[in-house]
Amino acid sequence: MSDAAVESLILPDPEDQKLITLARTTLARNGSSQGASVRDNDGRVYAAARVELEHLTLSAVSVAVAMAVSSGATGLEAAAAGTPPSEQDFDVLRDLSGSSVGVWSVDSAGKILEVSQL
């Protein structure tokens with residue numbers, strides 16, 4: 001998607017804006033290098049930051065998906081990441097994705113950088 005198309009994009013669903021806000025505020029609140037949120041098929045939302053421990057490192061997307069799975073989610077509707085998702089993040093999302101999952105990539109100010117479909 002071109003920069004102009006991304007900048008002019010209007011989110012059709014307030015729930016998608018909620019995902020973006022949660023991913024962005026997780027970045028700011030935790031001072032983390034990554035923030036992400038996912039919405040499961042039941043409409044529940046999970047927000048997470050990157051985990052960096054001596055013996056465990058997980059991306060924010062991986063933590064958010066793990067939170068959804070541990071809460072019983074069987075699929076995802078959408079995701080937002082406060083930094084561009086890596087290929088591994090996309091693989092994790094595909095592991096739980098439903099049909100036509102939108103993935104929003106935003107910066108710390110909430111500007112949409114990229115929109116992807118799984």
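**Note on the predicted structure: cores, helices and hairpins**

1. The largest nonpolar core of this predicted model has 19 residues, and the members with the most contacts inside it are Val38, Val61, Val65, Ala68, Leu76 and Leu93. Strands E1, E2 and E5 and helices H3 and H4 each supply at least two residues of this core. H3 gives the most, with 6 residues. In soluble globular proteins, nonpolar side chains tend to be buried together.

2. A second core, separate from the one above, has 8 residues. Ile20, Ala23, Ala78 and Ile112 are among them.

3. Which residues does Leu93 touch, leaving out those up to four places away in sequence? They are Val38, Val61, Val65, Leu76, Ala79, Val103 and Leu118. Of these partners, Val38, Val61, Val65 and Leu76 are also listed among the residues with the most contacts inside the largest core.

4. For orientation, the secondary structure of the chain comes to 4 helices and 7 strands. Along the sequence these elements follow the pattern α-α-β-β-β-β-α-β-α-β-β. The chain has 118 residues, of which 42% count as buried. Among contacts with a separation of 6 or more, 49% are between residues 24 or more positions apart.

5. Helix H3 covers residues 60-70, and its buried residues are Ala60, Val61, Ser62, Val63, Ala64, Val65 and Ala68. These buried residues pack against strands E1 (35-40), E2 (45-49), E3 (51-52), E4 (57-58) and E5 (76-81), and against helix H4 (87-96). After H3 comes Gly72, which has a positive phi near 100 degrees.

6. Helix H2 runs over residues 14-30 and has 17 residues. From its first C-alpha to its last, H2 reaches 24 Å, close to the 24 Å expected at 1.5 Å a residue. At the N-terminal end of H2, Asp13 acts as a cap, with a side-chain oxygen 2.8 Å from the backbone nitrogen of Glu15. H2 is followed by Gly31, whose phi is positive, near 65 degrees.

7. Which residues of H2 are buried? They are Asp16, Leu19, Ile20, Ala23, Thr26 and Leu27. These residues lie on the same side of H2 because they cover an arc of only 125 degrees around the axis. On the other side of H2, Pro14, Ala28 and Arg29 are exposed. The cover over the buried residues of H2 includes E1, E2, E5, strand E6 (97-106) and strand E7 (112-117).

8. Thr26 is a useful residue to examine within helix H2. Its relative accessibility is 1%, so Thr26 counts as buried. Leaving aside neighbours within four places in sequence, Thr26 is in contact with Gly31, Gly35, Ala47, Ala48 and Ala49.

9. Gln34 belongs to the loop between H2 and E1. Is Gln34 buried or exposed? Gln34 is buried, because its relative accessible area is 16%, and buried means under 20%. Not counting residues up to four places away in sequence, Gln34 touches Leu27, Ala48, Ala49, Arg50, Ser59, Ala60 and Thr83. Gln34 and Thr83 are 49 residues apart along the chain, yet their C-alpha atoms are separated by 5.9 Å.

10. Strands E1 and E2 run antiparallel and are joined by 5 bridges. One of the pairs links Arg39 to its bridge partner in E2, Val45. The two strands form a hairpin with 4 residues between them. In the turn of this hairpin, Gly43 has a positive phi of about 85 degrees.

11. E6 and E7 also pair in the antiparallel sense, over 5 bridges. Here the bridge partner of Trp104 is Val115, in E7. The hairpin that E6 and E7 form has 5 residues between the strands, and Gly110 in its turn has a positive phi of about 95 degrees.

12. Ser116 is placed in strand E7. With a relative accessible area of 14%, Ser116 is buried. What does Ser116 touch, not counting residues up to four places away in sequence? Its partners are Phe90, Val101, Gly102 and Val103.

How values were computed. Residues numbered from 1 in each chain as written. Predicted model: local features only at pLDDT ≥ 70, side-chain atom pairs only at ≥ 80, totals over all residues. Heavy atoms only, no water. Buried < 20%, exposed > 50% of the residue type's maximum accessible area, 1.4 Å probe, protein only. Contact = heavy atoms within 4.5 Å. Core = buried A, V, L, I, M, F, W, Y, C linked by side-chain atoms within 4.5 Å. Expected span 1.5 Å × (residues − 1). Arc of directions from axis to C-beta. Polar contact = N/O pair within 3.5 Å; in protein donor to acceptor, adjacent residues only side chain to side chain. Pairing = 2+ DSSP bridges.
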